[in-house]
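Reader: I'd like to go through this one label by label. Tell me what earns each residue or helix its description.

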Amino acid sequence: MASSPLPPPLSPPPTTTTTTPHHLLITSPPPNPTLKTPSIRTRLSRLCQEGQPYLARQLFDSIPKPTTVLWNTIIIGFICNGFPQEAIFMYTQMKKTVPSTKFDSYTYSATLKACAESKTLRVGKAVHCQLIRCLWNPSRIVYNSLLNMYSTCLSSSDDEIGVDLVGRVFDKLPKRNVVAYNTIVSWYVKTERYLNAVKQFKMMMKMSVRPSPVSFVNVFPALSSLSDYNNANVLYGMVLKLGSEYVDDLFAVSSAICMYSELGDLDAARKVFDNCLERNIEVWNTMIGGYVQNGSPDEGIRLFIEALKSDQIILDDVTFLSVLSAVSQLQKLELAKQLHAFVIKSFAILPVVIVNAIIVMYSRCNDTQLSFSVFDKMPERDIVSWNTIISAFVQNGLDDEGLMLVYEMQNQGFKIDSVTVTAVLSAASNLRSQAIGKQTHCYLVRHGIQFLGMDSYVIDMYSKSGLIQFAKLIFEKNLSNQDQATWNSMIAGYSQNSLMEEAFDTFRLMLEKNVTPNAVTFSSLIPACSLVGNINFGKQLHAFSIRRLLDQSVFVGTALVDMYSKSGAISYAENIFLTTPEKNSITYTTMISSYGQHGFGEKAVSLFHSMVNFGIKPDAISLVAVLSACCYSGLVDEGLELFHSMEGMYGILPSTEHYCCVADMLGRVGRVFEAYEFVKQLGDEGNKIEIWGSLLGACRLHGKFKLGEIVSQKMLEIDDIRNNASTGYRVLLSNMYAEEGDWENVDRVRKEMREKGLWKTAGCSWIEISGSVNCFVSKDKEHPKSGDIYEILEVLTMEIKNSSHQHSFISI
């Protein structure tokens with residue numbers, strides 16, 4: 001046959017006649033009669049085994065009428081050398097020789113394997129059709145190959161005709177061996193039907209089919225996904241019972257370690273690791289990764305150091321990625337620098353994926369300058385590199401710089417993808433920039449970019465930018481198909497924009513649409529209850545979360561503590577805090593703040609120290625909460641001690657909020673001049689309107705009017721005075737002048753406010769009566785019963801005057 005033009009076979013070397021000496025002819029050994037000329041099949045197999053399938057093809061094409069065995073040999077040869085498409089081509093050529101050449105089980109099995117490796121489902125189905133027509137009684141090997149082909153080529157349980165082809169082939173198997181069971185279990189795990197996978201494994205055992213190590217490799221992920229700890233122990237016990245062949249199988253070991261890690265049982269995972277006599281790098285990587293994924297980065301790093309001491313282990317990219325992630329979790333900059341240096345020494349050329357992980361590591365350690373330095377020195381960058389540095393800038397509050405990098409990325413020919421868009425939308429949300437948000441949304445629409453969760457990001461961006469109506473339009477455009485995350489974004493958007501009724505209505509609609517709320521839903525909705533003064537609705541949400549087993553979530557628990565505290569039910573808040581199984585720094589900070597707001601300063605300080613003793617590192621906000629508690633309760637000495645230990649003990653640099661707390665703390669107890677000296681010694685760092693405003697409040701409280709004038713003059717000099725944030729302090733200054741009887745300065749301050757267009761936002765109060773929340777604003781006449789309310793107020797005022805109780809109301 002001649003399927004393609006190939007060079008003619010090489011001619012044998014020319015025969016030359018030479019005269020051989022007589023004595024050599026006598027002494028030459030006779031030919032060995034047992035040596036035989038290798039058969040064509042043997043020669044083809046040998047060439048393929050030596051990695052020369054194309055040379056084998058030349059030999060094959062020189063055969064006039066190849067037999068089925070020879071066709072099978074060349075097809076299998078191409079598959080074994082990683083050329084499945086060539087194997088499929090040879091199969092199509094073989095079909096042209098029908099009926100002179102017959103197909104057997106090995107032909108179909110090999111071709112189906114080629115289809116699986118090249119993921120050509122269409123050809124695989126054609127081969128399936130042909131073997132149904134031509135092969136009367138397919139062997140078990142053909143059925144197993146069919147199972148493998150469909151399970152490899154398909155990505156979901158249903159084909160386009162709505163039939164599970166893998167399951168159908170498996171059901172038609174006349175007799176199933178361990179290979180068939182392994183394939184169906186693997187298929188069910190791949191399609192996330194974990195319970196079916198476990199059932200098939202049990203059926204295999206019931207049918208007395210002895211499992212192989214691969215059987216356990218396939219079923220372990222199903223058990224971890226089902227959180228089935230009991231059966232996990234049972235099956236690993238079976239591995240131990242089956243002997244060393246199974247216990248020391250490195251694939252089974254890695255799978256068992258991974259299973260226990262995903263179940264959260266690191267002790268069991270470590271026992272499996274320690275019981276393995278010979279470990280390869282995959283086993284080490286799995287154990288290190290298990291520690292990192294379960295929030296034990298210290299243990300992961302210790303195991304990494306142990307791996308370094310082993311002469312038989314060569315670390316690979318996965319090892320370094322895991323340990324870089326561990327250091328990222330620890331957020332220890334010095335350790336990050338040491339690891340970076342070791343990585344540089346370990347690679348002649350750093351892989352791009354490793355450099356990307358280093359950028360993330362420095363970003364998590366809050367050193368964006370080093371992150372950018374690593375990025376800037378990269379000889380080669382991919383889209384992941386750009387997305388990593390952009391996300392690093394945005395996550396560290398450098399939103400403008402992140403947007404500039406997006407512009408530069410496009411200039412260098414990289415296209416924006418879903419990750420880039422997510423970072424840009426986050427930057428727009430952080431900046432509250434309507435223009436950037438709209439431009440990004442238009443870019444998405446113009447380029448037809450769609451990705452999972454896109455609507456939730458866009459809704460969040462518009463909500464934080466104050467364009468809640470735009471967010472509502474996007475949400476309602478595809479209401480019936482919105483996922484849980486999008487519902488949560490809409491509810492959070494309403495809450496952030498103080499549209500509490502809309503947030504509650506959306507939650508009710510979410511339940512009507514049979515969308516299951518999660519911890520994020522409740523943590524967005526519960527804070528709204530305290531804002532509208534509706535503790536009863538908060539209790540209903542609390543009860544709802546208990547029924548859904550969500551009250552144990554750290555996010556829901558923290559939101560409940562905050563809600564009950566702000567609603568005045570501090571005992572409820574305390575009870576929730578004590579019964580929440582998992583607490584993070586935010587939970588502790590919320591409870592500390594709650595104690596402070598209710599005047600329990602000593603409890604707040606005690607809880608802060610308990611938090612530290614439990615190994616939870618306080619952040620800047622935690623310090624603000626405990627300093628505020630000391631301020632409200634007059635615990636000046638304790639507060640000053642905490643302030644002075646911030647940097648040395650907790651590694652936190654004081655910020656404006658901390659300075660405000662100290663100034664207010666000293667001022668409240670009458671140590672006004674000491675507070676003034678404290679603020680003065682801050683220098684430029686203390687030139688913030690909030691710090692001097694705290695001091696001004698202390699001057700008014702204790703009648704230090706002369707010092708108040710000095711403070712107010714300083715406030716006027718600060719450039720920040722142009723912001724609306726200074727309005728309240730101007731009102732405070734005006735009230736101070738009024739109390740002193742200095743009406744000239746009162747008029748001056750009021751006139752300046754009018755000229756600058758500054759006004760104080762009116763205060764608002766709520767009261768719940770018969771399940772209805774009533775809102776009141778100063779001089780408000782919007783309430784339907786405002787006439788009756790003002791009449792009652794007039795009566796009360798007259799009664800107060802008649803009782804000789806004099807009250808002075810000074811307001812603007």
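Author: Let's begin with Glu 192, which sits in the loop between α10 and α11 (194-206). Some ground rules: this is a predicted model, where local features need pLDDT of at least 70, side-chain atom pairs count only at pLDDT 80 or more, and totals for chains, interfaces and linings use all residues. Residues are numbered from 1 along each chain as its sequence is written, and side-chain values use heavy atoms, with hydrogens and water left out.

Reader: What makes a stretch a helix or a strand here?

Author: Helices (H or I, at least four residues) and strands (E, at least two) are DSSP runs, numbered from the N terminus. On that basis the protein chain has 45 helices and two strands.

Reader: Back to Glu 192: why is it called buried or exposed?

Author: Buried means under 20% relative accessible area, exposed over 50%, and partly exposed in between, using a 1.4 Å probe and protein chains only. Glu 192 has a relative accessible area of 58%, so it counts as exposed. There's a backbone quirk too: phi of Glu 192 is near 60°, a positive value in a residue other than glycine.

Reader: And Asn 514, what makes that one exposed?

Author: The relative accessible area of Asn 514 is 69%, so exposed it is. Asn 514 also has a positive phi, about 60°, without being a glycine. You'll find Asn 514 in the loop between α30 (500-512) and α31 (519-531).

Reader: What about Ser 498, and where does it lie?

Author: Ser 498 is in the loop between α29 (484-496) and α30. With a relative accessible area of 54%, Ser 498 is exposed. The C-alpha atoms of Ser 498 and Val 532 are separated by 9.0 Å, though the two are 34 residues apart along the chain.

Reader: Now the other end of the scale. Why does Thr 111 count as buried?

Author: Thr 111 has 1% relative accessibility, so the buried label follows. Thr 111 belongs to helix α6. Contact means heavy atoms within 4.5 Å, and, not counting residues up to four places away in sequence, Thr 111 touches Ile 75, Tyr 91 and Val 127.

Reader: How do you know that Ser 254 is buried?

Author: Ser 254 is at 14% relative accessibility, and therefore counts as buried. Ser 254 lies in helix α15 (residues 250-262). Setting aside residues up to four places away in sequence, Ser 254 touches Glu 282, Val 283 and Thr 286.

Reader: And what makes Ala 336 buried?

Author: Ala 336 has a relative accessible area of 0%, so it is buried. Ala 336 is part of helix α20 (residues 333-346). Leaving aside neighbours within four places in sequence, Ala 336 is in contact with Val 327, Met 361, Tyr 362 and Cys 365.

Reader: How many residues of the protein chain count as buried, as a share of the total?

Author: Of the 812 residues in the protein chain, 45% count as buried.

Reader: On to a whole helix. How do you know that the span of α8 agrees with its number of residues?

Author: The expected span of a helix is 1.5 Å times one less than its number of residues. Helix α8 (residues 140-153) has 14 residues and should span 20 Å; its end C-alpha atoms are 20 Å apart, so the two agree.

Reader: What makes α8 mostly covered?

Author: Ten of the 14 residues of α8 are buried, among them Tyr 143, Leu 147 and Cys 153. What covers the buried residues of α8 includes α6 (105-118), α7 (121-134), α9 (165-172) and α10 (178-190).

Reader: How do you describe two packed helices?

Author: You give the angle between their axes and the distance between the axes. Axes are lines fitted to C-alpha atoms, for helices over the stretch in contact, and angles run from 0 to 180 degrees between N-to-C directions. For helix α24 (residues 399-411) and helix α25 (residues 418-431), the axes come within 9 Å and cross at roughly 145°. Residues that meet there include Leu 403, Val 406 and Met 409 in α24, with Val 424, Ala 427 and Leu 431 in α25. The residues of the contact of α24 with α25 divide into six nonpolar, two polar and two charged. In that scheme Ala, Val, Leu, Ile, Met, Phe, Trp, Tyr, Cys and Pro count as nonpolar, Asp, Glu, Lys and Arg as charged, and the others, Gly among them, as polar.

Reader: Last one: what makes the peptide bond from Val 98 to Pro 99 stand out?

Author: That bond is cis, with omega near 10°. Pro 99 is in the loop between α5 (84-95) and α6.
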